[in-house]
Amino acid sequence: MSDHAHQGSYLTPSGGFWSVIWDWATTIDHKKIGVMYLFTILFMFFLGGMAAIAIRLELADPVRVLSDGTVTGQLFAFGDGVGANNTIYNRIFTLHGAIMVFMVIIPSVPASLGNFFLPIMVGAKDVAFPRLNLLSWYIYVGGSIFAVLSIVGGGVETGWTFYTPYSTTTDPNHWQVVFMIMAVFVLGFSSILTGLNFIVTVHKLRAPGMGWFDMPLFVWAIYSSAIIQVLATPVIGITTLLLIFERLFHVGIFDPSMGGDPVLFQHFFWFYSHPVVYIMILPGMGIISELIAVHSHKQIFGYRAIAFASLGITAVSFLVWGHHLFTSEGELAAAVFSALTFLVAIPTAIKMFNWIATLYKGSIAINTPMLYALAFLFLFSIGGLTGLPLGALATDLHLHDSYFVVAHFHYVMMGGAIIAFIGGIHHWWPKMFGRMYNETGGMIGCALVFIGFNVTFFTQFFLGVRGMPRRYATYVDEFQMLHDISTVGSWILLAGFLVHLAVFVHSLVAGKKAPPNPWGGLSLEWEIESPPTTHNFHHEPIIKHGPYDFEDNVPPHCDPEDFPLPPPIEGGASH
Amino acid sequence: MTEQTNTAFDSMDPHGFHAHDAHEGHHVVSLRMLVGVLTVLLAFTVLTVAASRAEVWFGEAMGIVIPQWVNVAVAMSIAVVKGTLVLMFFMQLYYDKPLNTIIFSSCLFAFALFLGLTALDLGSRGSIYSWKSGEIIAGGNSVGLVRSVDGIAMSQNVPIQVWAKEVEINELGSVEAFEIEAAHHRGHVDTASTADVSRPRAGATPGLFDATEPGSHEDDAEHGDEAEQGEEEHADDTSDH
Amino acid sequence: MTTIDAGKAKEPAWEHPPHAEHFRSHAEEFDACKIGMWLFLTTEVLLFSGLFCMYAIFRMMYPEAFAAGSHHLNSTLGMVNTIVLLLSSFTMAMCIRCAQLNKQGWLKINLLLTVAFGGIFLFVKIVFEYMPKWALGKRPGYLFEYPYAETNHEQIWWSVYYCATGVHGFHVLVGMILILWVFWGASVKKKYGPKHYTGVEIVGLYWHLVDLIWIFLFPLLYLIH
């Protein structure tokens, strides 16, 4: 094939403006679908992020509520009195939670980077069911539209967890609640179809010669996460369906006055929503495996351990949902769940140690993806360790529904999943769009995000231990300073994301053309052009080496002087 | 019948144009087998209905009461057998690659976890509490755990701390004596929160809206009314579970 | 086809079945579709598992209400419905067999029989079970109006009954629509035959699952006192 990088690349427009729109709207190319997901998800991330900024603005000063005539008040002036403003605050944090959980983090890595790279990494031309893939994107958009309609109609006060009886009885304007619940129901199908596609692709469409243990760890992570998607998501489907029945027809299954049980709703909800956090983090961990191995140019330490740890996390994730219900469930069950919760730390820790061991004696490149990987190791460790006092029943009774929980889950979800996601976007940006991004800008953005994130959320651990409850719009004077620090941190975080946005826009408009293999990776995506052609490979890929065999192989399309092989060891011992 | 070991890919015939020559390993279930399975299924259906009616009849006509778990066990076992037949022969899991069976079993495993742990919780409510502090009976006519010290029965059905307090009050003779004694053990208690320790209290924070520090709350006078409204609202705010 | 072939009868569409380009062979596509369908079936089972769990929990909490409630259900009608669904499962399995043996006529007949059985199931359920009960006031939750209830929590029983059988009935309806789609493919486009019957297989698996769910729902609702 010629060296005209854009000839026949999947991004090459096929004709005039409307034909390009039609081409993208009806595409079954996994790469285009991945890119569409990426931009939709980043847009929803922006929306959820604006809600977060609003939350932090409100919390910067407990007396100043949202409609007292200040600038923030003008934006959200819906009524007089603090009662109305608590309502607005409830709606804003529900918006933030629902968008971030259901519309951003759950689809983030699998649907965008997973869709783009999983088929290429296993040597396939596309996913197993490309039309289902496109359908899943349309379902995602449809569900998001339901959510946006609900928000535009005034929003929902129930919190993203939709606990009964709030979600079944409060909010007299009830169509917004039903719409938001329907959004969750619809988005579940998108997740199921994506997961289903990935499982079948990994089983059936691997290139000949690519065994299970020749696949990059990103594929293992997406596969494990897809298993959870298929097994857990239908339960939120039935939960939201029953919630809609309860709300519209008052069938009474969650209403104690009719004999129903609100804790039953919590069990139903968290049976999905706990595994969902592993759907969020497993693909992120897969990205970290890639980033660390490639950017330290070293064989990953303990490939099989990491692969089986991913499956282990999948299995254990279904055992622990009751730890979200410690204060509302029976004590025997709480004790059982507390004991089970500690199990999940084991496979996670195995991975963390293996990544650190991979870095050891590696030739570490300092660039944005590597900085994000290092940030992940630090931030996710904090998030995981702070999960321990929450998993221990006794301490959780103090910390439940406090800011400690808020800080913990932001450390794992944002400091873990989103950090890994952004690192992955930077790592694969040259491959996806054929342009390099400005490395200095990327690193500045990473620094701002890292600093801003820690300033925002580290303080919240202290707030939580000292008793600040979550989802409260006001608080006592004693918490003022910590809240102010946290709000300033949120602005630094926003600045970091804006820097990234600027870097990406600049890259698309005026970035340097990207070589096929800027980082010296060995997995299959680095053997093809940047950006790839529509059919990915020109001929069936021949698997000659493992995805991390840096000691024995010069990366494709790379100058051997840039990535020299280590000298052979005396005596012929293997590395 | 055996499936080819690699029906998916034959390097001599990558597009599978000649694969159909070997019937691609698809098993055709014989008509006899299908009819046989159907007959068994119908028989079991009749059997399960008959069993449940027989149980009622035994109870009414002959006075033999069969315990409920027998009814459940019989009905569910027959259902499991019927379900397995449908899975294996109508859905052809028996003839299929084991991956599909593994996929279906994993969902049964997830279901079992869901049902098992939820039932563990919702079925064992109050079990530990009643062990600690006596039987809980609706309507307040407590029988409960009998606790007595020195021959004097203490209040039933109270948490153990309250019971211990009562024992001590009884020993010391009066509530006042108890309070004096307690002050020695509890030490001086600060009721106000400090910068390091947050102590919960009821009602509004005294002086919350009175304090003025340099540079902040400059417009307190204007906000006075709204602040008072805020106080009332905040006190009414039910906590979020 | 060249002009030499023009005189021969047109080959049926399934003789050289097309397969999507990213699959290496038709066999691979068939296997992949089957795995994909089994994954989808697991999601359906887990959807119903929520309903079964709800049933189990409320039965545990209110055994008398459930015992009394199930007396209101006519187990003969339930048995008839079960038999109807089992027969429909049989005819669906026969559809696969007919496609594999190129019995196009029987294929279409069995497809229509399956739809007919599904229709009978829904008819019996709606006309002989739902409507009389609703008229008497045996309704879920807040809508409950039955004056002769023997136990305190009967409305929960009815909620469980209507939710479980309602969601199942909806799946029966969806299954019937899918079978009619297959029928259209078989009769109008004539695309199913021994070398290509993926659509029949996939829809068949869905229909069998609908039957499987009812096999468990029937004793739990009708037969356990």
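**Val200(A), the nonpolar core and the contact between chains C and B**

Let me begin with a single residue, Val200(A), which is found in helix α7 of chain A, the helix that covers residues 174-204. I should say at once that what we are looking at is a predicted model. Val200(A) counts as buried because it has 24 C-beta neighbours inside 10 Å, where the cut-off for that label is 20 or more. If we leave aside neighbours within four places in sequence, Val200(A) is in contact with Ala128(A) and Phe129(A), and also with Ala32(C), Ile35(C) and Gly36(C). As for Ala226(A), which is 26 residues away from Val200(A) along the chain, the two C-alpha atoms are separated by 10.0 Å.

Next, Ile199(A), which, not counting residues up to four places away in sequence, touches Tyr223(A), Ala226(A), Ile227(A) and Val230(A), together with Leu39(C). Ile199(A) and Val219(A) are the residues with the most contacts inside the largest nonpolar core, a set of 278 residues. The element that gives the most to this core is helix α4 of chain A, residues 81-122, with 23 residues.

Finally, I turn to the contact between chains C and B, which takes 43 residues from chain C and 45 residues from chain B. On the side of chain C that touches chain B, the elements giving two or more residues are α1 (26-61), α3 (75-100) and α6 (198-223) of chain C, and α1(C) gives the most, with 18 residues. By residue class, that side of chain C divides into 26 nonpolar, ten polar and seven charged residues.

Conventions: Residues numbered from 1 in each chain as written. Chains lettered and ligands numbered in written order. Predicted model: local features only at pLDDT ≥ 70, side-chain atom pairs only at ≥ 80, totals over all residues. Contact = placed C-beta atoms within 7 Å. Helix = DSSP H or I, 4+ residues; strand = E, 2+ residues; numbered from the N terminus. Nonpolar A, V, L, I, M, F, W, Y, C, P; charged D, E, K, R; others polar. Buried ≥ 20, exposed ≤ 12 C-beta atoms within 10 Å, placed from the backbone. Core = buried A, V, L, I, M, F, W, Y, C linked by C-beta atoms within 7 Å.
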